[in-house]
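Trainee: Could you walk me through this one? I'd like to ask things as we go.

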Amino acid sequence: MMRTYLILLGLLSLCGLCFSSECNAEFQENEDFPGTDIQHLYSPDAEHCQHLCTQHPSCQFFTFIRSDWTRDNRHFYCYLKSTPSGVPNKRAPLLGVTSGFSLKPCNPVPQPCLSKVYQNVDFFGADYQTLFTADYESCQRACTQDPSCQFFTFMNNVFTSETIRYKCHLKFSWTIPRPPLVLGQTGVVSGFSHKTQMGLNFDTACQGKLFQNTAIPGNSLQALPASSAEHCRMLCSAHPSCTFFAFTRESFTCNLKSNVNEMVTVAKAGVTSGLPERFCQLDNSWIKEALEDVDFQGSDIGFEYMDDAKTCQRKCSEDANCQFYAYASERVSNPDYWRRCYFKRVITMPAPPKVVKLANVVSGFTLKNCRRALHTYSCLNQIKITV
């Protein structure tokens, strides 16, 4: 009886995070869902904002502030929202905003094909390469063909500064799952879904090289949580500006480094360093390994009670929304958490760090996702919109 009770309790907890069971893709123009914000991000339009809400682990609905908003300068703000009931506490008419709901209940969940381009809008920041192209279509093709590029901004032929007209800025954002926090935790087993995609597929296998008990001081680009040196190498290989990396096992920290001129190494116990691999197939076998006494904290989309970590991993792999998991065994100090399998995910779609108005520029996204979803270049016939 006790086990049945625990299973039912777990299912109820999970269902509480499943939000509404109805698929509602409609937008509510000039209607606000006030309050209950959990995060705000930048989006160029309500459709992109809706996809961000869909991929966010906790978001149930959203309000997007459009370019015609006049009360203040919060244009292109995407407010992600959540309530215990899964529906907005309030609705109110408000000019200049668009609201809507997560597409999590839709089956299958729509995958974003971000084919629109945005006139007089700048995707500010995240540049890793610039070049000159004849038009924005050429800039978007360059972004689509570059494995690292997720979005772009192009200065057109009447941009204010003559010296940077026709300049194409290629920009990067993470598209591979990244646990928000990795910690040592007795009794917890963590890992990734076996269906997790950690990069593009290539015919040639990477050789790979790791330097054990070796650090690379300085030249810091970004520090991220990572579960292993192999995971860290994957992160470095995905970032276009990373030239080498150093992984510290004790803190589960992956330090991405950037220096194209030199690489200085020093001996240091507990640190594994290495080089990124480009245009070849990395060894992904580490993704299928369960990590004992390691906790992937945060980004929960729900939990169920299960008998062992192997079942937890299998259920995560079967769930299209689950990217990684954490299982609390009966060795965890607090019995309230015993046998809980936590399903987890993060946003992996292209997401500019900032979106602002800027005259005579054109911004847009890579069409790689369109090509994967449709197996064709039909999305190359871009839809031009003015905001």
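Trainee: Which residues lie nearest the centre of the second largest pocket?

Mentor: A pocket is an open set of points on a 1 Å grid over the protein atoms alone, with protein on both sides within 12 Å along at least five of seven lines, and lining residues have an atom within 4 Å of a point. The second largest pocket has 15 lining residues. The ones nearest its centre are Q39, L41, R178, I347 and A351.

Trainee: Before I go on, what kind of model is this?

Mentor: Residues are numbered from 1 along each chain as its sequence is written, and side-chain values use heavy atoms, with hydrogens and water left out. Local features need pLDDT of at least 70, side-chain atom pairs count only at pLDDT 80 or more, and totals for chains, interfaces and linings use all residues, as this is a predicted model.

Trainee: Back to that pocket: which strand gives the largest share of its lining?

Mentor: Strands (E, at least two residues) and helices (H or I, at least four) are DSSP runs, numbered from the N terminus. The largest share of the lining of the second largest pocket is 3 residues, and they come from strand β2 (residues 37-42).

Trainee: And how many of the lining residues of the second largest pocket are nonpolar?

Mentor: Ala, Val, Leu, Ile, Met, Phe, Trp, Tyr, Cys and Pro count as nonpolar, Asp, Glu, Lys and Arg as charged, and the others, Gly among them, as polar. Sorted that way, the lining has 3 polar residues and 1 charged, while the nonpolar ones number 11.

Trainee: What is the strand order in the sheet that holds β14?

Mentor: Two strands pair if DSSP finds at least two bridges between them. This open sheet has 5 strands with antiparallel pairing, in the order β11-β17-β14-β15-β13. Its edge strands, each pairing on one side only, are β11 (210-211) and β13 (220-225). So reading across from one edge, you get β11-β17-β14-β15-β13.

Trainee: Which residue in β17 is the bridge partner of A246?

Mentor: Strand β14 (residues 244-248) and strand β17 (residues 271-274) pair in the antiparallel sense over 4 bridges. Look along β17 for the partner of A246, and you land on S273.

Trainee: At what angle does helix α4 run to β14?

Mentor: Axes are lines fitted to C-alpha atoms, for helices over the stretch in contact (heavy atoms within 4.5 Å). Angles run from 0 to 180 degrees between N-to-C directions. Helix α4 (residues 229-238) lies across β11, β13, β14, β15 (253-257) and β17, and its angle to β14 is about 150°.

Trainee: Which strands are at the edges of the sheet that holds β10?

Mentor: This is an open, antiparallel sheet of 5 strands, ordered β18-β10-β20-β21-β19. The strands that pair on one side only are β18 (291-297) and β19 (300-305).

Trainee: Which residue in β18 has a positive phi, near 60°?

Mentor: Most residues other than glycine have a negative phi. Strand β18 contains an exception, a residue other than glycine. That residue is D293.

Trainee: Where does P108 sit, the one with a cis peptide bond before it?

Mentor: Most peptide bonds are trans. The one from N107 to P108 is cis, with omega near 0°. P108 is in the loop between β5 (92-101) and β6 (116-124).

Methods
1 Å grid on protein atoms, 1.4 Å probe; cavity = no way out; pocket = protein on both sides within 12 Å on 5 of 7 lines; lining within 4 Å.
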